[in-house]
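Please walk through this protein model with a view to its charged pairs and its nonpolar interior. The sequence and structure come next, followed by the explanation.

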Amino acid sequence: MGFSDDRVTFTTPEGDLVSYAADKKGILQEVKPRGGGEWMRVGVASKLKYDKRRGNIVDQEGVAVVVPDSAIDSIAHLADKCGVRHNIKSSPQAVTFAAPSGDQITYAPHPSGRGIDELILENNGTWRSINTATILDYDPESRGLLDQDGLGGCLPAKGVDKLLQDIQNLAEACHVKTNIQEAIDHTRARKTHHRPRRHRSRLSAGREYREKEARERLTTDNFWSNFVMEAERIDNMFRPSRTPLYDAHDHTLF
């Protein structure tokens with residue numbers, strides 16, 4: 001069994017060797033029979049459905065493969081990378097980054113499934129546990145991330161948005177309370193509503209002023225024109241008619 005960023009290889013209960021590899025159109029599925037021979041192309045998966053009760057994964061063509069539990073998470077991450085839809089609930093992944101101080105920090109899921117282990121890389125190449133976080137508090141101004149005991153540090157400025165999203169996803173999976181999502185939403189709102197004002201030249205400002213003045217003048221002229229026409233109409237309604245209602249000779253009404 002082998003795992004890498006672009007390929008997952010495992011053995012089925014029947015002894016066949018199966019490979020899932022990254023492809024431009026999805027996940028390339030190949031199989032090598034247990035009796036030996038060359039790799040045979042099965043197809044390219046654009047959709048995967050995992051049946052936990054049966055322990056198999058079925059693609060959009062109905063091809064089913066029995067997958068060992070140890071390969072499920074790797075297949076899920078490969079599917080995410082290749083843009084293949086799936087229903088696999090993978091285990092939360094650790095988040096590693098270089099702090100501004102130069103220290104290598106890792107946030108990893110606690111074995112119990114509740115909490116995040118905060119680890120730091122020592123000079124001898126081993127990881128040392130600092131604390132287990134059950135609460136994470138983030139300060140956007142200083143980029144500081146502290147746990148419930150006040151332990152933690154500053155996050156790097158480069159790529160901080162993606163790093164925060166990864167930590168937020170890990171916190172949700174590990175049942176850790178955090179204000180990171182609120183900070184992310186607040187930052188997005190500020191970027192949307194506080195965009196820099198575009199500089200206008202004097203020429204464009206003068207043109208806009210003249211256009212506005214012309215619109216106001218046109219509106220005023222239309223108002224007075226309509227007012228005069230309405231006044232004349234009302235005046236004609238109440239002015240006595242100069243047309244005779246009957247002929248003076250035969251008194252016949254028209």
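**Charged pairs and nonpolar cores**

Lys162 and Asp166 form a salt bridge through their side chains, with 3.1 Å from N to O. This is a predicted model. Both residues lie in helix 2 (residues 160-173), and because they are four residues apart there, about one helical turn separates Lys162 from Asp166. The two partners are not equally open to the surroundings: Lys162 counts as exposed because its relative accessibility is 60%, where exposed means over 50%. Asp166, at 28% relative accessibility, counts as partly exposed.

The structure holds five salt bridges. Another of them joins Arg128 and Glu122, whose side chains meet at 2.3 Å, N to O. Both ends of this pair are partly exposed: Arg128 has a relative accessible area of 42%, and Glu122 has a relative accessibility of 29%.

A further salt bridge pairs Glu30 with Arg7, and here the closest N and O atoms are 3.8 Å apart. The pair connects distant parts of the chain, since Glu30 belongs to strand 4 (residues 26-32) and Arg7 to strand 2 (residues 7-11), 23 residues apart. Is Glu30 buried or exposed? Glu30 counts as buried because its relative accessibility is 18%, and the cut-off for buried is under 20%. Its partner Arg7 is partly exposed, at a relative accessible area of 36%.

From the charged pairs, the view now moves to the nonpolar residues. The largest nonpolar core has 23 residues, and Ile116, Tyr138, Leu145, Leu155 and Ile167 are those with the most contacts inside it. Several elements give two or more residues to this core: strand 10 (95-98), strand 11 (104-109), strand 12 (116-121), strand 14 (135-139), helix 2 and helix 3 (180-193). Which element gives the largest share of this core? Helix 2 does, with six residues. The helix that carries the Lys162 and Asp166 salt bridge is thus also the one that gives the core its largest share.

Leu155 shows how residues meet in this region. Leaving aside residues up to four places away in sequence, Leu155 touches Phe97, Pro100, Tyr138, Arg143, Leu145, Val160, Leu163, Leu164 and Ile167. Among these contacts, Tyr138, Leu145 and Ile167 are also listed with Leu155 among the residues with the most contacts inside the core.

A second core of 21 residues is separate from this one. Its members include Val31, Leu48, Tyr50 and Val67.

Methods: Residues numbered from 1 in each chain as written. Predicted model: local features only at pLDDT ≥ 70, side-chain atom pairs only at ≥ 80, totals over all residues. Heavy atoms only, no water. Salt bridge = Lys/Arg side-chain N within 4 Å of Asp/Glu carboxyl O. Buried < 20%, exposed > 50% of the residue type's maximum accessible area, 1.4 Å probe, protein only. Core = buried A, V, L, I, M, F, W, Y, C linked by side-chain atoms within 4.5 Å. Contact = heavy atoms within 4.5 Å.
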